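Thanks for coming. I will go through one structure this morning, a piece at a time, and you can follow along on the screen.

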Amino acid sequence: MKSYFVDLHIHIGRTEKGQAVKISAANNLTFRNIAHESAVRKGMDVVGIIDCHSPSVQEEIMDNLSRGEMVELEGGGIRYRDTTILLGSEIEVRDPGMGPAHLLAYLPTLTAMQDFTGWMKRHMKNVELSSQRIYVTARTLQEEVICRGGIMIPAHIFTPHKSVYGSATRHMADLLDLSQLAGVELGLSADSAMAGLIAELDPFTFVTNSDAHSLPKIGREYNKLKLAEPTFQEVVKALKREDGRAVEANYGLNPRLGKYHRTYCSVCHEVLEDETIVVERCSQCGSHKMVRGVMDRIHAIADRAEPFYPSYRPPYHFQVPMEYIPGLGPKKLALLLDRFGTEMNVLHHAAPEALVDAVGADIASYLIAAREGQLELEVGGGGKYGRVKNHS
């Protein structure tokens with residue numbers, strides 16, 4: 001058994017031929033570029049590339065396989081250099097009487113994903129694009145994923161837009177067959193302690209992923225998994241906590257950095273940071289036009305006052321992505337990567353004195369404080385990320 005760094009939610013912006021896939025994602029987020037960035041710069045051992053249901057993306061995957069740059073693994077997934085790629089899809093469901101929610105589906109092989117695409121195109125307006133609404137129930141979608149050997153994980157379950165708890169329902173069991181879920185994704189504005197206030201989530205393995213819409217965002221949240229080898233089948237075992245496989249740790253943003261952590265007033269543009277839960281109107285200007293924050297939503301639907309931590313729940317480490325570190329621009333980042341190889345090496349393995357030698361005491365102090373969870377943060381909300389406070 002070995003430990004592997006895993007980010008299961010990375011979007012494709014366009015294909016190399018220019019076909020749009022995720023409209024809000026960067027144009028250089030192609031399947032191959034994601035694989036290369038994850039393997040060479042980020043140091044991710046396993047990545048889930050979302051939007052592999054797109055026929056144009058599948059053509060690129062086949063091209064990479066035919067050229068020998070990538071190879072399908074017997075245990076599921078595709079290998080590029082030292083990184084395994086899991087083929088995923090993000091899909092929007094909207095059951096009767098509920099709001100929209102996004103679900104993540106992962107299939108073991110390209111053939112299974114192509115078959116899934118063939119089914120989805122009969123129930124979707126444009127199967128080329130990411131995160132499209134499918135006109136079947138959530139449970140029907142689950143069945144179609146499971147019968148092809150796949151797994152399903154609800155995406156960013158608390159965010160105010162298009163998530164199970166944030167916009168669809170107060171109880172996940174009203175929408176999904178809980179017995180057919182491999183885990184749940186917490187999202188950038190929540191952590192294990194916040195999710196531990198909801199008893200319905202107790203049985204599930206938590207994962208935290210980047211939901212990257214650009215190459216630098218890959219690995220801003222990730223997990224450490226104990227696996228025999230980096231394959232689809234092994235990841236499934238880890239999510240199900242089988243045969244000694246497990247999620248050993250979650251590495252995520254401090255929720256205060258998440259762009260939907262606290263409630264935000266659309267009129268006076270204030271992030272409402274006080275300890276009271278905002279229910280009706282803005283405490284600053286009285287407006288009803290608010291974007292409900294994840295923390296406030298969780299407290300509104302929580303069924304316990306203190307978080308519950310089952311014995312199988314991995315530790316959640318607050319990880320500040322390198323792009324948030326004050327003073328760490330492209331040139332300094334290049335120095336770090338030249339010295340230590342990958343971002344995972346910088347964040348987890350580089351000795352403090354070596355960091356000082358590479359980029360100076362000031363930036364090194366931020367990196368070390370980030371590793372120890374001691375950075376001071378300004379809270380995010382209303383679609384605006386929080387930020388690290390400067391030393392002063």
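Strand 1 covers residues 2-10, and seven of its nine residues are buried, so the strand is mostly covered. Please keep in mind that this is a predicted model.

What does strand 1 pair with, and in which sense? One partner is strand 10, residues 222-227, and that pairing is antiparallel, with five bridges. If you want a place to look, K2 has L227 as its bridge partner in strand 10. Another partner is strand 2, residues 46-49, and here the pairing is parallel, over three bridges. In this case you can look at V6, whose bridge partner in strand 2 is V46.

Helix 1, residues 31-42, belongs with these two strands: strand 1, helix 1 and strand 2 make up a β-α-β unit, and the unit is right-handed.

One general point about strands. In a regular strand, side chains alternate between the two faces of the sheet.

Stay with strand 1 and look at the rings. The structure has six aromatic pairs. One of them is F5 with Y222, an edge-to-face pair with 5.7 Å between the centres and 90 degrees between the planes. F5 is in strand 1 and Y222 is in strand 10, so this pair ties together parts that lie 217 residues apart in sequence. Both F5 and Y222 are buried.

Y222 has another ring partner, Y251, and this pair is stacked: 5.0 Å from centre to centre, with 15 degrees between the planes. This pair also links distant parts of the chain, with Y222 in strand 10 and Y251 in strand 11, 29 residues apart. Y251 is buried, as is Y222. Taken together, the ring pairs link F5, Y222 and Y251 into a cluster.

Next, the charges. How many salt bridges does the structure hold? There are 14. I will show three of them.

The first one I picked joins the side chains of R32 and E69, at 2.7 Å from N to O. R32 sits in helix 1, while E69 sits in the loop between helix 2 (55-66) and strand 3 (71-72); the two are 37 residues apart, so to speak of the pair is to speak of distant parts of the chain being linked. Are these residues buried, partly exposed or exposed? R32 has a relative accessible area of 24%, which makes it partly exposed. E69 has 29%, so E69 is partly exposed as well. R32 and E69 also belong to a network of salt bridges that includes D63 and R67.

The next one joins R245 and E234, at 2.8 Å from N to O. E234 is in helix 7 (232-240), and R245 is in the loop between helix 7 and strand 11 (246-252), 11 residues apart. Why do both count as buried? The cut-off for buried is under 20% relative accessible area. R245 has 13% relative accessibility, so R245 falls under it. E234 has 6%, so E234 does too.

The last of my three joins K237 and D243, at 3.4 Å from N to O. K237 is partly exposed, at 25% relative accessibility. D243 has a relative accessible area of 53%, and it counts as exposed because the cut-off there is over 50%.

Now for the backbone. Most residues other than glycine have a negative phi. Which residues here have a positive phi without being glycine? H156 is one of them, with a phi of about 30 degrees. H156 lies in the loop between strand 7 (151-154) and helix 5 (164-168). With a relative accessible area of 10%, H156 is buried.

R241 is another, with a positive phi near 60 degrees. R241 is in the loop between helix 7 and strand 11. Its relative accessible area is 34%, so R241 is partly exposed.

R241 also brings us back to rings. It lies over the face of Y312, 3.8 Å from the ring centre. A further case of a charge over a ring is R313, whose charged end sits over the ring of F206, at 3.6 Å from its centre.

To go back over one thread: strand 1 pairs with strand 10, strand 1 also pairs with strand 2, and F5 of strand 1 meets Y222 of strand 10 in an aromatic pair. That is what I have for today.

Note on methods. Residues numbered from 1 in each chain as written. Predicted model: local features only at pLDDT ≥ 70, side-chain atom pairs only at ≥ 80, totals over all residues. Heavy atoms only, no water. Buried < 20%, exposed > 50% of the residue type's maximum accessible area, 1.4 Å probe, protein only. Helix = DSSP H or I, 4+ residues; strand = E, 2+ residues; numbered from the N terminus. Pairing = 2+ DSSP bridges. Right-handed = clockwise from strand over helix to strand, strands pointing away. Salt bridge = Lys/Arg side-chain N within 4 Å of Asp/Glu carboxyl O. Phe/Tyr/Trp six-rings, centres within 6.5 Å; stacked < 30°, edge-to-face > 60°. Lys NZ or Arg CZ within 6 Å of the ring centre and 35° of its normal.
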